[in-house]
Amino acid sequence: MKTGANTTEGRGQWYLEAAADANREWMVAIEAVPFVIGREKDCNLTLTDSLVSRHHCEIHISGDHLWIRDLNSKNGTFVNSRQMDQAELLKPGDLVSIGKFQFNIKYFTPDAGLTVDDTLSLGDLSNYDLSLEPRLRAMIAQQSVIIHFQPVFNISSASVLGYEILGRTTDENLPADATTLFDMAEWFGCDAELSSLFREAGVGIGKHLPGSPLLFVNATSSEISRMDRLVESLGRVHDLAPANRVVLELNEKAANDTTEIARLRTALNDLNMGLAFDDFGVGQTRLAELAKAPPDFLKFDISLIRKIHLAPKRLHQMVATFVTAARDLEISSLAEGIECAEEADVCRNLGFQFAQGFFYGRPLPINEIHTTGFPETGATGQAPACP
């Protein structure tokens with residue numbers, strides 16, 4: 001259950017800046033990923049040039065890192081005047097050449113005060129419809145939610161360790177996507193109430209899962225600032241399922257205050273609950289701070305894992321370093337968002353102990369888990385093929 005409003009908040013934005021356009025200067029924000037560049041109209045950036053292939057190359061964002069991959073283009077993709085032969089990491093100031101077009105890689109942090117008169121934006125943010133607030137609050141008051149469970153897989157034993165609780169609303173007028181729903185709830189000031197509802201309703205149902213598995217629940221960053229209410233909710237969670245060990249997940253934004261996290265850790269220990277840091281690898285990755293208040297689990301963000309089998313070897317080395325450092329701190333590492341066998345193989349080789357994603361099992365309501373269960377081999381047969 002992803003409960004934080006926009007997990008990229010506070011991070012910078014990557015741009016492509018046209019380096020040689022005689023008619024005008026412009027930049028395009030790299031927002032959608034993969035960000036495909038080519039001649040076809042379905043590309044994120046369409047370039048009209050006979051030297052550009054229909055789908056020429058694609059750019060990815062993995063955590064804080066930007067990387068590019070050529071899509072078997074006829075005339076190649078060049079980084080700093082050198083033709084690529086495999087995926088490569090990019091850094092601010094690099095020059096990417098595609099046909100007759102050249103782009104500088106730019107990165108601006110939120111406090112940089114960037115003003116671009118001619119920026120091509122791929123999406124706009126708008127405020128939420130105020131008429132939806134009463135519906136949202138009524139949904140919370142009436143506890144009109146649907147709970148799904150997604151397996152967390154033990155790679156070495158090829159078995160299910162536990163389940164992450166994922167909440168959905170039954171109101172068709174409210175966002176079906178959990179992240180959007182929590183963005184809306186934060187906007188209306190009731191995200192903590194929504195988080196408590198999903199957490200407590202999910203554990204109340206999850207205690208009936210076979211084998212008393214671990215149950216992974218979430219808290220929003222706003223709940224950390226109201227610690228007493230969060231601890232009260234966790235107390236109710238403990239009483240609902242005393243036979244299950246519950247693991248509380250915090251995203252990186254929520255885990256920033258090490259003093260509050262240490263206080264929370266004490267409360268969790270008293271309740272025999274575990275702690276996980278979610279979204280690791282986005283924003284500011286600080287291993288030193290992990291040592292001050294170490295969690296039990298470190299969940300590596302999906303942006304680091306997606307297409308990791310195609311990512312540059314330098315990115316593999318960086319992830320392996322984080323996994324090793326976590327192990328040295330006696331923190332279990334978990335790879336999120338694995339969707340195919342190739343990604344699973346790379347994560348296994350990099351030393352991950354646990355994994356989660358469609359390759360291991362899609363979120364299901366409890367009645368379907370009782371009926372069909374989850375496979376013990378890690379391959380559901382439902383996962384799409386890796387490119």
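Which residues have the most contacts inside the largest nonpolar core? They are L136, M139, L250, L264, F300, I338 and F352, in a core of 75 residues. A nonpolar core here is a set of buried Ala, Val, Leu, Ile, Met, Phe, Trp, Tyr and Cys residues joined through side-chain atoms within 4.5 Å. Buried means under 20% relative accessible area, exposed over 50%, and partly exposed in between (1.4 Å probe, protein chains only). Helix 9 gives the largest share of this core, 6 residues. Domain 1 (13-109) and domain 2 (131-356) both contribute residues, so the core lies between them. The domain bounds come from an automatic or database domain assignment. Another core lies apart from this one. It has 23 residues, including L45, L47, V79 and L90.

The model is predicted: local features need pLDDT of at least 70, side-chain atom pairs count only at pLDDT 80 or more, and totals for chains, interfaces and linings use all residues. Residues are numbered from 1 along each chain as its sequence is written, and side-chain values use heavy atoms, with hydrogens and water left out.

The protein has 11 helices and 20 strands. These are DSSP runs numbered from the N terminus (helices H or I, at least four residues; strands E, at least two). Of the 387 residues, 50% count as buried. Contact means heavy atoms within 4.5 Å. Among contacts between residues at least 6 apart in sequence, 62% join residues at least 24 apart.

A closed barrel of 8 strands runs 13-14-15-16-17-18-19-20. Its pairing is mixed. Two strands pair if DSSP finds at least two bridges between them. Strand 13 (residues 145-154) is mostly covered, with 9 of its 10 residues buried. Strand 13 runs antiparallel to strand 14 (residues 159-169), and 10 bridges join the two. N154 stands opposite S159 in this pair. The two strands form a hairpin with 4 residues between them. In the turn, A158 has a positive phi of about 50°. Strand 13 also pairs with strand 20 (residues 354-355), in the antiparallel sense over 2 bridges. Here the bridge partner of F153 is A355.

Elsewhere in the barrel, strand 18 (residues 297-300) and strand 19 (residues 332-335) pair in the parallel sense. This pairing has 4 bridges. K299 stands opposite L334 in strand 19. F300 is in contact with F280, I305, V319, F322, V323, S333, L334, A335, E336 and F352, leaving aside its neighbours within four places in sequence. F300 and F352 are both among the residues with the most contacts inside the largest core.

Helix 9 (residues 313-328) holds H316. H316 counts as buried, at 10% relative accessibility. Its side chain reaches the backbone oxygen of I308 at 2.5 Å. Leaving aside neighbours within four places in sequence, H316 is in contact with I308, A311, V346 and L350.

An open sheet is formed by 5 strands in the order 4-3-5-6-9, with mixed pairing. Its edge strands, strand 4 (45-46) and strand 9 (88-90), each pair on one side only. Strand 3 (residues 35-38) and strand 5 (residues 57-62) run antiparallel and are joined by 3 bridges. Between them, F35 has I59 as its bridge partner. The C-alpha atoms of I59 and F35 are separated by 4.9 Å. Along the chain these residues are 24 residues apart. I59 counts as buried, at 1% relative accessibility. Leaving aside neighbours within four places in sequence, I59 is in contact with L16, I30, V33, P34, F35, I37, L66, W67 and I68.

Cysteines were examined last. A disulfide is a covalent bond between the sulfur atoms of two cysteines. The criterion is a pair of cysteine sulfur atoms within 2.5 Å. A search of the whole structure finds 0 disulfides. For C57, the closest cysteine sulfur is in C43, 8.9 Å away and too far for a bond. C57 is buried, with a relative accessible area of 0%. C190 is buried as well, with a relative accessible area of 1%.

Conventions:
A polar contact is a pair of N or O atoms within 3.5 Å; within protein, one must be able to donate a hydrogen and the other to accept it, and residues adjacent in sequence count only if both atoms are side-chain atoms.
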